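User: Please pick one part of this model and take me through it closely. I am a first-year student, so keep the sentences short and explain the terms.

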Amino acid sequence: MVTNGTTLMKQWLRRSVHLHFLLSAAFSSLVGKFAETSQMSAIPKQYISEQDYLEQERLAEHKSEYFNGEVFAMAGASESHNSIVANTIASLHPTLRGKSCKIYPSDLRVYNPQNGLYTYPDISIACGERKFTDDTLDTLTNPTVLIEVLSPSTEDYDRGTKFKLYRSIPSLQNYVLISSMEYQAEVYTKSGESWILTTAKGREAKLYISAIQLDLQLEDVYAQVDIDAEQAK
């Protein structure tokens, strides 16, 4: 089959025009996405006052933390996380019942007047006279023990920034971290201006919480929690 020069030229021109159209469309799409991203990143952060945060939070369906004028929505927790929290409260309650210390689940908000943090620890324990921000009695200011259950998404925050914000609370004596990824719990105990770390590993281990004079048995904390199965998912 013989094709003359004119036919070849027409085919080449059609292909060139088609390629130019495709490249132009791709470039326009890329520019549009870049402009959209730039516009989104340029949106300023919204800051609100503590009073506005509390008013909104008391009406909200979902919990949010507050720090430095910003509100941070809190994510839900896994089944194993919730089981560990429930087991820990059940383990602590018999010892604390009838004493001056009272235990609270994560629905109780904690406020640190030293830095303006409002947050919801997994478990809070307050000993002696309990102090709240107002007569609503939903925001504790003087916890003695704070307990957080670590998850993959929160571990760095709970160990780092959150602990830094927590340890300026004058009343705080112990900060407990319980892992949901392995059978391990840790407690930071206040000693003067320092914090001493103690670690308990394995289901048979126990962790001493000095402020409430209690040995927390990890066997009870991890009852009906199969971390190995969770990690295998």
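Analyst: **D158 and its surroundings**

Leaving aside neighbours within four places in sequence, D158 is in contact (heavy atoms within 4.5 Å) with E148, V149, L150, F163, Y175 and L177. This is a predicted model: local features need pLDDT of at least 70, side-chain atom pairs count only at pLDDT 80 or more, and totals for chains, interfaces and linings use all residues. Residues are numbered from 1 along each chain as its sequence is written, and side-chain values use heavy atoms, without hydrogens or water.

D158 sits in helix 4. Helices (H or I, at least four residues) and strands (E, at least two) are DSSP runs, numbered from the N terminus. D158 has a relative accessible area of 3%, so it is buried. Buried means under 20%, exposed over 50%, and partly exposed in between, with a 1.4 Å probe and protein chains only.

**The pocket**

Helix 4 (155–159) also helps to line the largest pocket, whose volume is about 830 Å³. A pocket is an open set of points on a 1 Å grid over the protein atoms alone, where a 1.4 Å probe fits, with protein on both sides within 12 Å along at least five of seven lines; lining residues have an atom within 4 Å of a point. The volume is the space filled by probe spheres set on the points.

Which residues are closest to the centre of the largest pocket? They are M74, A75, G76, H81 and T154, out of 34 lining residues. Helix 4 shares the lining with other elements that give two or more residues, including strand 1 (64–67), strand 2 (70–73), strand 8 (145–150), helix 5 (161–166) and helix 7 (227–232). Helix 3 gives the largest share, four residues. The lining divides into 15 nonpolar, twelve polar and seven charged residues. Here Ala, Val, Leu, Ile, Met, Phe, Trp, Tyr, Cys and Pro count as nonpolar, Asp, Glu, Lys and Arg as charged, and the others, Gly among them, as polar.

**Helix 3 and T88**

Helix 3 covers residues 79–96, and T88 is part of it. The relative accessible area of T88 is 0%, so T88 is buried. Beyond four places in sequence, T88 touches I123, I147, I178, L216 and V221.

**Strands 1 and 2**

Strand 1 and strand 2 are joined by a loop that holds N68. N68 is exposed, because its relative accessibility is 53%. Its phi is near 55 degrees, a positive value in a residue other than glycine.

Strand 1 and strand 2 also pack against the buried residues of helix 2, as do strand 4 (109–112), strand 5 (117–119) and strand 7 (139–140). In helix 2 (residues 50–57), the buried residues are Y53, L54 and E57. They lie on the same side of helix 2, because they cover an arc of only 95 degrees around the axis. That arc is taken from the directions from the helix axis to the C-beta atoms.

**The whole chain**

How does D158 fit into the wider picture? The chain has seven helices and 13 strands. Of its 233 residues, 36% count as buried, and D158 is buried too. Among contacts with a separation of 6 or more, 52% join residues 24 or more positions apart.
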